[in-house]
Every structure is written in structure tokens, then in C-alpha cells.
Amino acid sequence: MEIAIIVTGGTFDKEYNELNGEMFFKDTHVNEMLSLGRSRLDIRVQTLMMKDSLYMTDDDRRQIL
């Protein structure tokens with residue numbers, strides 16, 4: 001059985017720009033976290049969006065659903 005992880009962004013996917021002090025999204029860290037945790041499960045990671053939950057709209061929520 002495969003487990004699907006849908007990435008939408010969030011705190012652990014944010015990166016810090018040392019030049020201007022802002023946080024931003026680049027890539028998800030989920031695959032790296034699974035690897036560091038030595039996960040041997042059958043997992044499929046799909047990035048749907050990279051967005052802070054504070055800025056999610058109803059359209060974003062419908063897309064996740």
C-alpha cells in the first residue's frame with residue numbers, strides 16, 4: 001500500500017534569506033526528512049503548492065480537497 005503525502009507549504013518548508021531577513025519557499029523538505037528518518041514505507045510525495053497557511057484562500061483549500 002502506498003502512502004500519499006500532499007505538500008502545501010508550511011513552516012518546515014520555509015527558508016530564510018539572510019540578505020533581507022525574509023522567509024520564502026523554494027522546495028519541500030519532506031523527502032529529506034523521510035530519508036533522515038530512514039523511512040522504508042512506500043511513499044509518494046506530491047507538491048501541490050508552496051504557500052503559508054496564513055495566505056491560503058478558499059480556492060487553495062478546494063484544490064487540496
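## Salt bridges around helix α2

Asp58 and Arg61 lie three residues apart in helix α2 (residues 58-64), and are therefore separated by about one helical turn; helices here are DSSP runs of H or I with at least four residues, numbered from the N terminus. This is a predicted model, in which local features need pLDDT of at least 70 and side-chain atom pairs count only at pLDDT 80 or more, while totals for chains, interfaces and linings use all residues. Residues are numbered from 1 along each chain as its sequence is written, and side-chain values use heavy atoms, with hydrogens and water left out.

**Salt bridges in helix α2**

- Counting a salt bridge where a side-chain nitrogen of Lys or Arg is within 4 Å of a carboxyl oxygen of Asp or Glu, the total is five.
- Asp58 is joined to Arg61 by one of these salt bridges, with the closest N and O atoms 3.3 Å apart.
- Asp59 and Arg62, likewise three residues apart in helix α2 and about one turn of the helix from each other, form a salt bridge with an N to O distance of 2.5 Å.

**A salt bridge between Lys51 and Asp60**

- Lys51 pairs with Asp60 in a salt bridge whose closest N and O atoms are 2.6 Å apart.
- Asp60 is buried (under 20% relative accessible area, with exposed meaning over 50% and partly exposed in between, for a 1.4 Å probe and protein chains only), its value being 9%.
- Lys51 is partly exposed, at a relative accessible area of 27%.

**Accessibility of the other partners**

- Asp58 is exposed at 52% relative accessible area, whereas Arg61 is partly exposed at 43%.
- Asp59 and Arg62 are both exposed.

Note on methods: Helix = DSSP H or I, 4+ residues; strand = E, 2+ residues; numbered from the N terminus.
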